[in-house]
Amino acid sequence: MTLILNRSDIRGLLEHATAEVEAAVERAHRDLTRGRISQPAPPALDLPGSDGAFLPMAAVSAPAGLASVKFLADLPANRERGLPVQRSTVLVLSARTGEAEAVLDGALITRFRTAAATAVATRLLARQNAQVLGLVGTGPLALAHARALSTVREWKSVVVWGRTPANGAALVDRISTELGLHAELLAGPREVTEAADVLCTLTPSREPVIKGAWLHPGTHVNAVGAPPRPDHREIDTEGIVRSRLIVDSFATVRRKSGEVLIPLAEGALAETDFDRELGDVLEGLVPARTAEDEITLFDSVGVGLQDLAVARLLIDLARESGTGTRTDLAA
């Protein structure tokens, strides 16, 4: 029988499972480094006659006993339709029999696993005395990051900026009321960058919103928001060159991340500057932070192994609780 989980099902299963999601994502990155997960860089399937693209983000995990693919649709024209620009669905198969184990809505899986990966990276790379968390971008991913990172450090304050002031004010209110953290809306991305010890960029920007000149020594940056397209980035070349880079997947970043591909094309960066993966740090193969004044940057493009890890968790939680709908696709 195939398990079907809609967005409401997934919300109910994950809303109190922040620690479990983070642990699952960490294990998956360790397994990638150990050679227990296979994960190719996803091809971009461009929609002829438009700027739309579809990405099949696949992975297969021996420890999880699953193969999965998240089919991500990135359709900028949806803004004019009043629809989400990105939509996704996750198909999960048994790695042993090939049976369809589950079909899952991808929106919350993406949100939770992305924030979890950021939390893992921040725990490893940020200074132990980091006190101010900065969020540039005020969409749902920003609140997810505030929640996930609230378990990583004891933040003195959270500073926020977004293009829509009303959204920023709403985010500040939710961080204050739901997480009990002091939160403040600042005037611009520069103000947030200069105030933050840990900076998360969470915008779908094509052009840089953060300048490297604004980064102070010792900052940790999580570059998260830009879509997986080689011409989109949130951090300018100076910011990338000033930072020690850690990536979620070298193969995927090398094909999809404008954060590194644009500086690479400019001759400002070499491939050896961004070949350190998160799993390498977790497994102790490369050091995390090498000095207190070092600027570190986690380039997060999002990878299929993270979707698979959360899908495994959801399937197990759904079985325990009887959540979801089950159907025989072969009937």
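**Exercise 1. Place S157 and work out its surroundings.**

Step 1: Find the element. S157 sits in strand β9, residues 157-161. Strands here are DSSP runs of E with at least two residues, helices are runs of H or I with at least four, and both are numbered from the N terminus.

Step 2: Check the exposure. With a relative accessible area of 13%, S157 is buried. The cut-offs are under 20% for buried and over 50% for exposed, with partly exposed in between, using a 1.4 Å probe and protein chains only.

Step 3: List the neighbours. Setting aside residues up to four places away in sequence, S157 touches Q131, V132, L133 and H182. Contact means heavy atoms within 4.5 Å.

A word on the model before going on: it is predicted, so local features need pLDDT of at least 70 and side-chain atom pairs count only at pLDDT 80 or more, while totals for chains, interfaces and linings use all residues. Residues are numbered from 1 along each chain as its sequence is written, and side-chain values use heavy atoms, with hydrogens and water left out.

**Exercise 2. Lay out the sheet that holds β9.**

Step 1: Write down the order. This open sheet has seven strands, in the order β10-β9-β8-β11-β12-β14-β13, and the pairing is parallel. Two strands pair if DSSP finds at least two bridges between them.

Step 2: Spot the edges. β10 (183-185) and β13 (244-247) each pair on one side only, which makes them the edge strands.

Step 3: Look at the twist. On average, neighbouring strands are turned by 20 degrees against each other, direction ignored.

**Exercise 3. Follow β11 and its two partners.**

Step 1: Start with β8. Strand β8 (residues 132-136) runs parallel to β11, and four bridges join them. V136 has T201 of β11 as its bridge partner.

Step 2: Go to the other partner. β11 and strand β12 (residues 220-223) are also parallel, again with four bridges. Here V198 is bridged to H220, and T201 to A223.

Step 3: Check both faces. In β11 (residues 198-201), V198 and C200 are buried on one side, and L199 and T201 are buried on the other.

**Exercise 4. Decide whether N222 is buried or exposed, and find what it touches.**

Step 1: N222 belongs to strand β12.

Step 2: Its relative accessible area is 0%, so N222 is buried.

Step 3: Beyond its neighbours within four places in sequence, N222 contacts V198, L199, C200 and T201, as well as T118, A121, T122 and F298.

**Exercise 5. Describe how α4 packs against two helices and the sheet.**

Step 1: Recall the recipe. Two packed helices are described by the angle between their axes and the distance between the axes. Axes are lines fitted to C-alpha atoms, for helices over the stretch in contact, and angles between N-to-C directions run from 0 to 180 degrees.

Step 2: Take α1. Helix α1 (residues 7-14) packs on helix α4 (residues 107-125) at about 30 degrees, with the axes 9 Å apart. That makes α1 roughly parallel to α4. The scale is: under 35 degrees roughly parallel, over 145 roughly antiparallel, 65 to 115 roughly perpendicular, and the rest oblique.

Step 3: Name the residues. R7, I10, R11 and L14 of α1 meet A107, L108, I109 and F112 of α4. That contact has six nonpolar, two charged and no polar residues. Ala, Val, Leu, Ile, Met, Phe, Trp, Tyr, Cys and Pro count as nonpolar, Asp, Glu, Lys and Arg as charged, and the others, Gly among them, as polar.

Step 4: Take α12. The axes of α4 and helix α12 (residues 304-321) come within 9 Å and cross at roughly 115 degrees. That makes α4 roughly perpendicular to α12. On the α4 side I109, T110, R113 and A117 take part, meeting Q306, D307, V310 and L314 of α12. These divide into four nonpolar, two polar and two charged residues.

Step 5: Add the strands. α4 lies across β11, β12, β13 and β14 (296-299), at about 160 degrees to β12.

**Exercise 6. Find how many residues of α5 are buried, and what covers them.**

Step 1: Seven of the ten residues of helix α5 (residues 140-149) are buried.

Step 2: They are A142, L143, A144, H145, A146, A148 and L149.

Step 3: The cover includes α2 (18-33), α4, β8, α6 (165-179) and β11.
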